[in-house]
Amino acid sequence: MLTEQVFTKFKKDFPVYGMTVTTDAYGSRIYKQDTEPKATIHVMWEPVTDEVDIQTYGVDVEAMKGAVLYGSAPIEEHDRLQIDGEWYEVTSIKKLQTHRKLLAHRLKRG
C-alpha cells in the first residue's frame, strides 16, 4: 500500500503556479501563468509507465512525468511547475483512496 513516507529521500519541493484564464472577444480562452506560486508540493516525479496512461496519451508519454500527491494542496489541471529546469503543465489529476495521481506534460520550448 502506498504511504506518504514511501521514497521520502527522493522527494523534493516544487512550487506550483496557477493559471489565470480570460476570454477574448471571440470566445477563445487565454491562459496566463501567475507570477507567484499558489502552492508547493513535495513529491517525486517519475516517467509515466501505467498502461492505461500510455494508451491514453500515446507517444506523448515520452514528454510526461507522474507523481503521487498526499494532502490537500490546491493543485488543478493547467497549473504549471518546473521539473529539472523544464516547465510542465498538469494534465491530469486522478483522485484515489489515499492520494492523488498527477500527470504533467513538458511544455514545448519557444
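Which residues are linked in a network of salt bridges? In this predicted model, the network is made up of D50, D53, K94 and K101, and the paragraphs below set these residues within the fold before returning to the contacts between them.

The secondary structure of the protein amounts to 1 helix and 9 strands, arranged along the sequence in the pattern β-β-β-β-β-α-β-β-β-β. With a radius of gyration of 15 Å, close to the 13 Å expected from the globule rule for 110 residues, the protein is as compact as a globular protein of that length. Along the principal axes, its C-alpha atoms fill a box of roughly 50 × 30 × 30 Å. Of the contacts with a separation of 6 or more, 52% are between residues 24 or more positions apart. Buried residues account for 30% of the 110 residues, and the accessible surface comes to about 7,600 Å², with 51% of this area belonging to carbon and sulfur atoms.

Five of the strands are found together in an open sheet, in which the order is β5-β6-β9-β8-β7 and the pairing is antiparallel. The edges of this sheet are occupied by β5 and β7 (residues 80–83), and because each of these strands has a single partner, one side of each is left without a neighbour in the sheet. In general, the strands of a sheet pair through backbone hydrogen bonds. The antiparallel strands β8 and β9 are joined by 7 bridges, and I93 has L102 in β9 as its bridge partner.

Nonpolar side chains in soluble globular proteins tend to be buried together. Here, the largest nonpolar core has 15 residues, among which F14, I41, V43, W45, L69 and I75 touch the most other members. At least two residues of this core are supplied by each of the strands β1 (12–16), β4 (39–43), β6 (64–69), β7, β8 and β9. When residues up to four places away in sequence are not counted, I41 touches K12, D13, F14, V16, L69, A73, I75 and L102, so that the list of its neighbours includes F14, L69 and I75, which are named above among the core residues that touch the most other members.

The protein has a count of 7 salt bridges. One of these is formed by the side chains of K101 and D50, with an N to O distance of 3.9 Å. This pair links distant parts of the chain, since K101 lies in strand β9 (residues 100–106) and D50 in the loop between β5 (46–47) and α1 (51–57), 51 residues apart. D50 is partly exposed, its relative accessible area being 33%. K101 also forms a salt bridge with D53, in which the closest N and O atoms are 2.8 Å apart. Here too distant parts of the chain are linked, strand β9 through K101 and helix α1 through D53, with the two positions 48 residues apart. At a relative accessible area of 1%, D53 is buried.

A further salt bridge is made by the side chains of E86 and R106, at 3.8 Å from N to O. The two residues are 20 residues apart, with E86 in strand β8 (residues 86–95) and R106 in strand β9. Both ends of this pair are partly exposed, E86 at 24% relative accessibility and R106 at 29%.

Key:
Residues are numbered from 1 along each chain as its sequence is written. This is a predicted model: local features need pLDDT of at least 70, side-chain atom pairs count only at pLDDT 80 or more; totals for chains, interfaces and linings use all residues. Side-chain values use heavy atoms; hydrogens and water are left out. A salt bridge is a side-chain nitrogen of Lys or Arg within 4 Å of a carboxyl oxygen of Asp or Glu. Helices (H or I, at least four residues) and strands (E, at least two) are DSSP runs, numbered from the N terminus. Buried means under 20% relative accessible area, exposed over 50%, partly exposed in between (1.4 Å probe, protein chains only). Two strands pair if DSSP finds at least two bridges between them. The radius of gyration is taken over C-alpha atoms; the globule rule is 2.2 Å times the number of residues to the power 0.38. Contact means heavy atoms within 4.5 Å. Accessible areas come from the Shrake-Rupley method with a 1.4 Å probe; for residues, only the protein chains shown count as cover. A nonpolar core is a set of buried Ala, Val, Leu, Ile, Met, Phe, Trp, Tyr and Cys residues joined through side-chain atoms within 4.5 Å.
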